[in-house]
Amino acid sequence: SNIMLTADGHLCLADFGLCAQLTAENSWHTTGNVGTVGYQAPEIVARKPYTFTVDLFALGVTIYRLITGKRPYGKEGKFDKPVKYRYFSPVLINLLEGLLRLNPDERLGSVHNIQDSYNTGVDWYPIKAHKWFEDIDWKAMKNKLINPPLYGSIMGTRSFKDNLTLNFPQSISLKKSKNNAKKKKRGPPLP
């Protein structure tokens, strides 16, 4: 519910009311219970000092949930069971395993020496360069030069669905056929 769709179809993050500001004065670390339960990294739940690497964990949870509809560690964010990657491609498993590591120093994008990464503790290059994101032109996306796959207007309409345009590749079918509705087929791994 914190990922919003703008009027022109681009995504933006909202609701930063429960966030912490990390500065040099606090050695780029903080403590406290911030974030949404189920998206919080283990170090937040354990009330240990943490840094920007909690955002890497939350990114992993968000990607997992966008694909499966579920959180990898459940609603309560209990870290006692392994994450299920059934039907995921090896590339996606690699990305999620990197982002969802319980040890923050082992997460994909984590840097041990915070000064090495412009004082953030996160190096976004390994994430942006990951094979799962290989088709993304990050500069074009930042500058909103890429047409979003979902756009429309809900202002003054009775139904969002009636005033929505999908701009997905033709190879993606969003309609269920009668045959697909009756049979539960397992397709190829998710991208």
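**Exercise 1. Classify E43 in this predicted model as buried or exposed, and place it in the fold.**

Step 1. Take the relative accessibility of E43: it is 6%.
Step 2. Apply the cut-off: buried means under 20% relative accessible area.
Step 3. E43 therefore counts as buried.
Step 4. Locate the residue. E43 sits in helix α1, which spans residues 42-45.
Step 5. List the contacts, leaving out residues up to four places away in sequence. E43 then touches K48, P49, Y50, T53, V54, L102, P104 and R107.

**Exercise 2. Find the element that holds A46, and state how far A46 lies from T31 in sequence and in space.**

Step 1. A46 belongs to the loop between α1 and α2.
Step 2. Its relative accessibility is 45%, so A46 counts as partly exposed.
Step 3. Along the sequence, A46 and T31 are 15 residues apart.
Step 4. In space, their C-alpha atoms are 9.7 Å apart.

**Exercise 3. Which residues gather in the patch of positive charge on the surface, and where does K84 lie?**

Step 1. The patch of positive charge consists of K70, K81, K84 and R86.
Step 2. Place K84: it lies in the loop that runs between α2 (53-68) and α3 (90-99).
Step 3. Check accessibility. K84 reaches 66%, and the cut-off for exposed is over 50%.
Step 4. K84 therefore counts as exposed.

**Exercise 4. Identify the residues of the nonpolar surface patch and the strands that supply them.**

Step 1. The members are I3, L5, L11 and L13.
Step 2. Together they have about 400 Å² of accessible area.
Step 3. Assign them to strands. β1 (3-5) and β2 (11-13) each contribute at least two residues of the nonpolar patch.
Step 4. Take L13 as a case. This residue is in strand β2.
Step 5. The relative accessible area of L13 is 59%, so L13 is exposed.

**Exercise 5. Describe the protein chain as a whole: its elements, burial, contacts and surface.**

Step 1. Count the elements. The protein chain has six helices and four strands.
Step 2. Read their order from the N terminus: β-β-α-α-α-α-α-β-β-α.
Step 3. Turn to burial. Of the 191 residues in the protein chain, 26% are buried.
Step 4. Consider contacts between residues at least 6 apart in sequence. Of these, 47% join residues at least 24 apart.
Step 5. Finish with the surface. The protein chain exposes about 14000 Å². Carbon and sulfur atoms supply 54% of that area.

Key: Residues are numbered from 1 along each chain as its sequence is written. This is a predicted model: local features need pLDDT of at least 70, side-chain atom pairs count only at pLDDT 80 or more; totals for chains, interfaces and linings use all residues. Side-chain values use heavy atoms; hydrogens and water are left out. Patches are made of residues with over 30% relative accessible area and no salt bridge: like charges are joined within 9 Å, nonpolar side chains (Val, Leu, Ile, Met, Phe, Trp, Tyr) within 5 Å. Accessible areas come from the Shrake-Rupley method with a 1.4 Å probe; for residues, only the protein chains shown count as cover. A salt bridge is a side-chain nitrogen of Lys or Arg within 4 Å of a carboxyl oxygen of Asp or Glu. Lys and Arg count as positive and Asp and Glu as negative; His and the chain ends are not counted. The place of a charge is taken as NZ of Lys, CZ of Arg, CG of Asp or CD of Glu. Buried means under 20% relative accessible area, exposed over 50%, partly exposed in between (1.4 Å probe, protein chains only). Contact means heavy atoms within 4.5 Å.
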